[in-house]
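Here's a quick tour for anyone meeting this structure for the first time. Have a look at the model below, then work through the notes topic by topic.

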Amino acid sequence: MTRAPALPTPARRILEGDRRALAQAISAVEAHDPAIAPVVGALYSHSGKARIVGLTGPLGVGKSSLINALLKRLRAQGRKVGVIAVDPSSPFSGGSVLGDRIRIDRPAGDAGVFFRSMASRGHAGGIAATTRSVARLLDAFGMDVILVETVGSGQVDVEVRDVASTSVVVLVPHLGDEVQTLKAGLFEIADVFCVNKGELAGADAAAKDLTELAGLGIGRDGWRPPVVTTSAPSGSGIDELWAAIEAHETFLDTSRLRDAGERRRLSREVVQLVQERVATHLAAALESEPDLSTILDRVVARELDPQAAADLLHSGRPRRG
Ligand SMILES: Nc1nc2c(ncn2[C@@H]2O[C@H](COP(=O)(O)OP(=O)(O)OP(=O)(O)O)[C@@H](O)[C@H]2O)c(=O)[nH]1
Ligand SMILES: [Mg+2]
């Protein structure tokens with residue numbers, strides 16, 4: 001009888017619930033340490049069970065506060081929760097500009113919560129390229145729910161949909177112009193709208209506006225994004241917010257859209273990984289391989305335009321006609 005290959009030790013320790021092993025693996029993923037790839041690979045078949053919920057929205061609307069409130073609620077139900085906060089970071093230095101601002105209320109010794117903040121390192125769209133791998137580690141570790149906060153640099157983050165099965169767009173009353181500019185993009189992202197700071201004047205009007213908009217957006221797979229009003233510090237509306245998230249998760253199951261969504265996300269992930277590799281390889285080859293650097297020389301000399309050079313590199317011959 002053939003036996004399954006032994007799991008790498010860190011992978012086995014993560015499956016056994018070793019938090020230190022988990023933390024080390026996440027750091028290795030963030031550092032792009034090639035030694036972690038077999039560990040992440042070995043854990044892949046143990047992932048896919050957690051519900052991944054993304055929260056996105058402009059700066060300061062209360063995403064972290066909502067995550068804290070959701071965390072308390074989920075812990076009270078005995079669910080294990082992983083939190084990933086993706087910080088804005090300078091594309092130039094790779095360092096975190098605003099730092100780690102989320103304060104997670106984790107009672108000391110609560111093994112059912114794991115929090116990680118990571119820098120987005122200038123990755124366009126705001127999700128660190130490694131977020132998916134980190135979410136998968138938390139998933140294999142046994143977290144039931146993974147909450148992902150993505151940077152809100154005045155825009156909502158479209159890439160959250162590449163990670164989460166339910167995306168919550170968080171707004172506040174009187175976002176006015178901001179919402180106008182966001183409108184078009186909002187419905188491609190939002191499975192749930194949350195009007196936070198709901199105790200402030202204008203919250204009802206904002207919720208009403210969004211509900212009307214959500215009505216116009218109906219037809220996207222037959223799901224109408226619900227609008228929930230919350231006040232994170234008091235916990236008001238948090239039950240409703242979680243109910244709306246769960247309703248969307250149930251919808252994914254009953255409509256059988258969950259598999260289609262997962263397939264789309266994984267396809268994008270594989271394509272992105274190939275893109276990265278091809279780009280790295282090609283950039284090096286353009287400098288080092290004489291045949292290819294000649295093509296680049298011709299572009300530099302204005303003999304060949306970049307499009308034509310790309311055709312030549314891609315198909316080996318110039319495009320006709
Ligand atoms: N009045 C009011 N203030 C809130 C509410 N929720 C959060 N805040 C406050 O709003 C500020 C920003 O909250 P955060 O939770 O850090 O918001 P965020 O969206 O995570 O912020 P960034 O990560 O910087 O984009 C803090 O001072 C919170 O205390 C709310 O429901 N009502
Ligand atoms: Mg935050």
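The shell of residues around ligand 1 breaks down into 4 nonpolar, 7 polar and 4 charged. There are 15 residues around this ligand, and Gly-62, Lys-63, Ser-64, Ser-65 and Ala-232 come nearest. Keep in mind that this is a predicted model.

**The overall picture**

- The protein has 11 helices and 7 strands.
- It contains 321 residues, and 35% of them are buried.
- Take the contacts between residues at least 6 apart in sequence: 70% of these join residues at least 24 apart.

**Strand 5, an enclosed strand**

- Strand 5 covers residues 166-171, and 6 of its 6 residues are buried, so the rest of the structure largely encloses it.
- Which residues point which way? Thr-166, Val-168 and Val-170 point one way from strand 5, while Ser-167, Val-169 and Leu-171 point the other way.
- Whichever way they point, all of these residues are buried.
- On to pairing: strand 5 is joined by 4 bridges to strand 6 (residues 192-195), and the two run parallel.
- Within that pairing, Val-169 has Phe-193 of strand 6 as its bridge partner.

**Strand 1 and its partners**

- Strand 1 (residues 51-56) also pairs with strand 5, in the parallel sense and over 4 bridges.
- You can pick out two spots along this pairing: Val-53 stands opposite Thr-166, and Leu-55 stands opposite Val-168.
- Strand 1 has another partner in strand 4 (residues 145-149), with 5 bridges joining the two in a parallel run.
- In that pairing, Arg-51 has Val-145 of strand 4 as its bridge partner.
- Strand 1 is mostly covered too, with 5 of its 6 residues buried.

**Helix 4 against helix 8**

- Helix 4 (residues 63-76) packs with helix 8 (residues 238-254) at an angle of about 80°, and their axes are 10 Å apart.
- That angle makes helix 4 roughly perpendicular to helix 8.
- Who meets whom? Helix 4 brings Ala-69, Leu-70 and Arg-73, and these meet Ile-238, Asp-239, Leu-241 and Trp-242 in helix 8.
- By type, the residues of this contact between helix 4 and helix 8 divide into 5 nonpolar, no polar and 2 charged.
- A bit of background on helices: an α-helix has 3.6 residues a turn, so residues three or four places apart point the same way.

**Helix 5, covered along its length**

- Helix 5 runs over residues 131-141 and is mostly covered, with 11 of its 11 residues buried.
- Among the buried residues of helix 5 are Arg-132, Arg-136 and Asp-139, along with Val-134, Leu-137, Leu-138 and Phe-141.
- Right after helix 5 comes Gly-142, with a positive phi near 115°.

**Two positive phi values outside glycine**

- Some context first: most residues other than glycine have a negative phi.
- His-32 goes against that pattern, with a positive phi near 55°.
- Where does His-32 lie? You'll find His-32 in the loop between helix 2 (19-30) and helix 3 (37-44).
- Lys-197 is not a glycine either, yet has a positive phi of about 60°.
- Its place is the loop between strand 6 and helix 7 (203-216).
- Is each one buried or exposed? His-32 is exposed, because 10 other C-beta atoms lie within 10 Å and a residue counts as exposed at 12 or fewer.
- Lys-197 is buried, because 22 other C-beta atoms lie within 10 Å and the cut-off for buried is 20 or more.

**Pro-8, ahead of helix 1**

- Pro-8 sits in the segment before helix 1 (9-15).
- Pro-8 is partly exposed, because its 18 other C-beta atoms within 10 Å fall between the cut-offs of 12 or fewer for exposed and 20 or more for buried.
- What does Pro-8 touch, leaving aside its neighbours within four places in sequence? Pro-8 is in contact with Pro-38, Val-39 and Ala-42.
- Pro-8 and Ile-36 are 28 residues apart along the chain, and their C-alpha atoms are separated by 9.8 Å.

Conventions
Residues numbered from 1 in each chain as written. Chains lettered and ligands numbered in written order. Predicted model: local features only at pLDDT ≥ 70, side-chain atom pairs only at ≥ 80, totals over all residues. Near = placed C-beta within 6 Å. Nonpolar A, V, L, I, M, F, W, Y, C, P; charged D, E, K, R; others polar. Contact = placed C-beta atoms within 7 Å. Pairing = 2+ DSSP bridges. Axes fitted to C-alpha atoms, helices over the stretch in contact; angles between N-to-C directions. Parallel < 35°, antiparallel > 145°, perpendicular 65-115°, else oblique.
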